[in-house]
Amino acid sequence: MEEIINKVANSVLEVFDLEDYYPAGVRVQIDISQWLIDGFLLKESDFREQLNNQDWSKYQGQYVAIACGTDAIIPKWAIILVTMHLAPYAKKIINGSIEDLDSALYGELLPEIDYSVYQDKPIIIKGCSRKPVPMRAYVLAAQYLQPYARSIMYGEACSAVPLYKSTKK
């Protein structure tokens, strides 16, 4: 019987796993419709009073996404006012979904990576992850890797999809 050789482990392929860069921390979605009359009508005095009565400290060190879960038309100042209450406690605040929040976090950290270690190497951007890596992170990673990579693939080594191959200079 022949010895089984793991060709992937012995290859020069570099795996770029976005999950490795996933920012640790609690993510929370705040739905401001909870402070609207019947979830749709914003009465400024009631809205302000409800915000003043919240325990914002429970968001200490958390990543917070603010959105409205109904089709209510919300004035911009309402989101900003919620932000003002959260700012002393939250690690980061965005207007949008948890996915938007993760996209914003990756948008901040991916430009800070030293991609020169991938110079002239074949790269696989790992496709499977246990953490919720947003599509925007994959798009950004591909853009940052492209100037350095010899080639870029997506997926897993056993079934990677070719995306880019540099032209020889």
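1. A nonpolar core is understood here as a set of buried Ala, Val, Leu, Ile, Met, Phe, Trp, Tyr and Cys residues joined through side-chain atoms within 4.5 Å. In this predicted model, the largest such core has 19 residues. Ile30, Trp35, Phe47, Trp56, Val82 and Leu86 are the members with the most contacts inside that core.

2. As to the origin of these residues, at least two are supplied by each of strand E2, helix H1 (44-52), strand E3 and helix H2. H2 provides the largest share, namely 5 residues. A second core, separate from the one just described, comprises 18 residues, among them Phe16, Leu18, Leu140 and Ala149.

3. Leu86 merits individual inspection. With neighbours within four places in sequence set aside, Leu86 is in contact with Ile30, Trp56, Tyr59, Val64, Ile66 and Ile93. Of these partners, Ile30 and Trp56 are listed with Leu86 among the residues having the most contacts inside the largest core.

4. The sheet should be considered next. Three strands form an open sheet in the order E2-E3-E4, and their pairing is parallel. Strand E2 (27-31) and strand E4 (92-95) are the edge strands, each pairing on one side only. On average, and with direction ignored, neighbouring strands of the sheet are turned by 20° against each other.

5. The pairing of E2 with strand E3 (residues 63-67) is parallel and extends over 5 bridges. Within this part of the sheet, Ile30 stands opposite Ile66 in E3. Both Ile30 and Ile66 also appear among the contacts of Leu86.

6. Two helices pack on the sheet. Helix H2 (residues 76-86) touches E2, E3 and E4, and the direction of H2 makes about 160° with that of E3. Helix H3 (residues 98-109) likewise touches E2, E3 and E4; the direction of H3 makes about 125° with that of E4.

7. Pro23 lies in the loop between strand E1 (14-16) and E2. Is Pro23 buried or exposed? Pro23 counts as buried because its relative accessibility is 12%, and the limit for a buried residue is under 20%.

8. The surroundings of Pro23 include residues remote in sequence. Residues up to four places away not being counted, Pro23 touches Tyr63, Leu105 and Leu109. Pro23 and Leu105 are 82 residues apart along the chain, yet their C-alpha atoms are separated by 7.2 Å. Tyr63 falls within the residue range of E3, whereas Leu105 and Leu109 fall within that of H3.

Conventions: Residues are numbered from 1 along each chain as its sequence is written. This is a predicted model: local features need pLDDT of at least 70, side-chain atom pairs count only at pLDDT 80 or more; totals for chains, interfaces and linings use all residues. Side-chain values use heavy atoms; hydrogens and water are left out. Two strands pair if DSSP finds at least two bridges between them. Helices (H or I, at least four residues) and strands (E, at least two) are DSSP runs, numbered from the N terminus. Axes are lines fitted to C-alpha atoms, for helices over the stretch in contact, and angles run from 0 to 180 degrees between N-to-C directions. Contact means heavy atoms within 4.5 Å. Buried means under 20% relative accessible area, exposed over 50%, partly exposed in between (1.4 Å probe, protein chains only).
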